[in-house]
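Here are a few short exercises to work through with the model open. Try each one yourself before reading the solution.

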Amino acid sequence: MREKLKAIGTDKRHTFTGVFQGVGLKKNFHGRVNAFYLPTILFSAVACEGRVVTEHLWCNYTKQFSDVGELNW
């Protein structure tokens, strides 16, 4: 289903909606011997203009997400 997401392109900005599913961690090496972990956030039923473009999407849990406030399950 990622073909629909890819077809949207990157030429302009889009607004997406999704259902918050939870948070996780991913390993990040950045050329180091010892890995460290970065927080991630999982969304399901990700849609653009009312059409589902992917069934799930993991994103980096950035400051912008934490600024939104508490995310409800």
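**Exercise 1.** Find the residue of β2 that stands opposite T17, then work out how β1 and β2 pair.

*Solution.* This is a predicted model, so take everything below in that spirit. Start at T17: its opposite number in β2 is A47. Now move to K26, whose bridge partner in β2 is L38. Finally, take the pair of strands as a whole: eleven bridges link β1 and β2, in the antiparallel sense.

**Exercise 2.** Cross to the other side of the pairing: how many bridges join β2 to β3, and what sits in the turn?

*Solution.* Begin with L42, which has W58 as its bridge partner in β3. Eight bridges join these two strands, and they run antiparallel. Next, look at the connection: β2 and β3 make a hairpin with two residues between them. E49 is in that turn, and its phi is positive, about 55°.

**Exercise 3.** Put the strands in order and explain why β1 and β3 each have one side without a neighbour in the sheet.

*Solution.* The order is β1-β2-β3, an open sheet of three strands with antiparallel pairing. β1 (16–28) and β3 (51–60) stand at the edges and have a single partner strand each, so one side of each lacks a neighbour in the sheet. From one strand to the next, the twist averages 15°.

**Exercise 4.** List the residues of the largest nonpolar core and trace the contacts of F43.

*Solution.* The core has six residues: F20, I41, F43, V46, C48 and V53. Strand β2 (residues 36–48) supplies the largest share, four residues. Now set aside the neighbours of F43 within four places in sequence: its contacts include F20, L57, C59 and F65.

How values were computed
Residues are numbered from 1 along each chain as its sequence is written. This is a predicted model: local features need pLDDT of at least 70, side-chain atom pairs count only at pLDDT 80 or more; totals for chains, interfaces and linings use all residues. Side-chain values use heavy atoms; hydrogens and water are left out. A nonpolar core is a set of buried Ala, Val, Leu, Ile, Met, Phe, Trp, Tyr and Cys residues joined through side-chain atoms within 4.5 Å. Buried means under 20% relative accessible area, exposed over 50%, partly exposed in between (1.4 Å probe, protein chains only). Contact means heavy atoms within 4.5 Å. Two strands pair if DSSP finds at least two bridges between them. Axes are lines fitted to C-alpha atoms, for helices over the stretch in contact, and angles run from 0 to 180 degrees between N-to-C directions.
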